[in-house]
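Good morning, and thank you for coming. Please look at the model on the screen while I describe some of its local features.

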Amino acid sequence: MTILTYPFKNLPTASKWALRFSIRPLSCSSQLRAAPAVQTKTKKTLAKPNIRNVVVVDGVRTPFLLSGTSYKDLMPHDLARAALTVPKEVVDYIIFGTVIQEVKTSNVAREAALGAGFSDKTPAHTVTMACISANQAMTTGVGLIASGQCDVIVAGGVELMSDVPIRHSRKMRKLMLDLNKAKSMGQRLSLISKFRFNFLAPELPAVSEFSTSETMGHSADRLAAAFAVSRLEQDEYALRSHSLAKKAQDEGLLSDVVPFKVPGKDTVTKDNGIRPSSLEQMAKLKPAFIKPYGTVTAANSSFLTDGASAMLIMAEEKALAMGYKPKAYLRDFMYVSQDPKDQLLLGPTYATPKVLEKAGLTMNDIDAFEFHEAFSGQILANFKAMDSDWFAENYMGRKTKVGLPPLEKFNNWGGSLSLGHPFGATGCRLVMAAANRLRKEGGQYGLVAACAAGGQGHAMIVEAYPK
């Protein structure tokens with residue numbers, strides 16, 4: 001019996017906990033007020049003796065667009081190279097994350113680098129770790145710099161959901177390969193005689209967990225139900241995300257977005273998925289995964305997105321020697337993994353207390369939270385798990401809860417629900433949002449966290465660079 005299959009009403013300890021949250025709905029009006037500027041506190045720095053400080057000089061991203069729109073005729077490396085707007089001659093290594101690979105450019109980091117005009121002497125490799133692929137690219141870069149192997153790294157990610165690889169069926173692929181090896185007309189005719197029309201049924205990219213055969217949306221719906229997250233709460237949170245993103249976009253706060261001239265088309269200058277609606281309109285949508293009683297809909301889920309991002313990461317002494325003013329330090333980070341069936345999307349809950357302990361910080365020390373929003377229900381379920389002593393004791397082996405992130409510090413410029421979620425690129429967006437918010441608001445520490453397919457997760461501490 002697991003948390004997603006055992007009703008909360010049968011758990012006396014948990015029922016009070018679920019009830020406590022069920023009467024604390026998000027208030028859109030109160031949460032959309034401008035958050036007060038964070039006062040810079042006198043806190044310790046997280047520098048460690050005998051370890052190089054790794055800094056983010058800057059980061060950019062293409063506008064994130066709904067799949068099937070202006071980027072639909074491009075290839076992933078076209079988008080990736082548009083994000084590679086850095087001094088090419090100083091870069092030691094390039095790392096990109098991606099999830100659904102274009103088979104022609106499987107090492108998209110290398111192809112993007114060559115296409116962007118980098119020296120053919122600059123190595124590049126591609127990583128994949130579902131929705132935290134860019135996070136993995138960044139932390140791989142941090143390791144290369146901290147160990148002294150490199151001084152300057154470009155880390156980024158890209159995803160082009162407008163054109164995903166669709167394969168022939170396995171039977172058809174086998175037939176075609178065997179035909180290619182056939183040496184006589186008799187062998188070819190014999191093979192062709194085995195062809196059946198159902199061989200032509202295509203194989204679409206998997207949208208479900210390989211280990212459980214369950215889609216992420218279905219899992220999110222079960223998770224929301226297990227944590228007693230209502231449809232209204234999910235819609236309110238999604239509306240908050242879109243409204244804050246629109247406000248940030250209008251005020252020019254999304255400074256990491258760089259215009260991109262689409263070949264043969266107009267120049268794209270901003271994200272196109274930001275669409276504040278109304279709770280009344282959102283309530284009209286039908287459940288997308290568990291029908292007819294589910295609570296996850298198109299309105300409270302992140303959408304299929306095309307986009308690319310990149311960050312210039314350096315050893316601090318190298319950045320200063322070159323005359324750069326860094327934006328932030330990349331500090332402690334943590335990867336976690338748990339049950340992909342019932343805890344698929346709880347990565348932030350598990351990673352947050354671990355990275356805080358590693359850094360010697362508490363939730364109260366964090367001035368800017370940037371969490372990946374796969375679904376409203378996923379965010380709110382993580383909130384409830386993080387604020388539950390019962391969950392900490394029974395599922396995490398911890399004595400006490402880590403605590404609830406204050407909403408006035410949380411995803412203040414929108415999140416993946418509104419800005420979009422190109423799987424391989426979101427990690428860099430999260431870190432740059434944290435770094436830019438710290439500079440704007442005067443805070444010192446940011447916490448970035450994300451869930452990922454496979455039941456994995458990531459969290460990282462970002463420290464503002466002294467002005």
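**Surface, backbone and helix packing**

Let me begin at the surface, where Met185, Leu189 and Ile192 make a nonpolar patch of about 320 Å². Patches consist of residues with over 30% relative accessible area and no salt bridge, where like charges are joined within 9 Å and nonpolar side chains (Val, Leu, Ile, Met, Phe, Trp, Tyr) within 5 Å. A salt bridge here is a side-chain nitrogen of Lys or Arg within 4 Å of a carboxyl oxygen of Asp or Glu. Accessible areas come from the Shrake-Rupley method with a 1.4 Å probe, and for residues only the protein chains shown count as cover.

This is a predicted model, so local features need pLDDT of at least 70 and side-chain atom pairs count only at pLDDT 80 or more, while totals for chains, interfaces and linings use all residues. Residues are numbered from 1 along each chain as its sequence is written, and side-chain values use heavy atoms, with hydrogens and water left out.

Leucine 189 of the patch belongs to helix H7, residues 185–192. Helices (H or I, at least four residues) and strands (E, at least two) are DSSP runs, numbered from the N terminus. Helix H7 packs with helix H6, residues 170–181, at an angle of about 170°, their axes being 9 Å apart. H6 is therefore roughly antiparallel to H7, a term for angles over 145 degrees, whereas 65 to 115 counts as roughly perpendicular, under 35 as roughly parallel and the rest as oblique. The axes are lines fitted to C-alpha atoms, for helices over the stretch in contact, and angles run from 0 to 180 degrees between N-to-C directions. Leu175, Asp178 and Leu179 of H6 meet Arg188, Leu191 and Ile192 of H7, where contact means heavy atoms within 4.5 Å.

I turn now to the backbone. Most residues other than glycine have a negative phi, and most peptide bonds are trans. Asparagine 50, although not a glycine, has a positive phi of about 65°. Asparagine 50 sits in the loop between helix H2 (28–31) and strand E1 (54–61). Is asparagine 50 buried or exposed? Asparagine 50 is exposed, at 87% relative accessible area; exposed means over 50%, buried under 20%, and partly exposed in between (1.4 Å probe, protein chains only). Alanine 130 also has a positive phi, near 55°, but alanine 130 is buried, at 15%.

Finally, the peptide bond from lysine 291 to proline 292 is cis, with omega near 5°. Proline 292 lies in the loop between helix H10 (279–283) and strand E8 (305–315).
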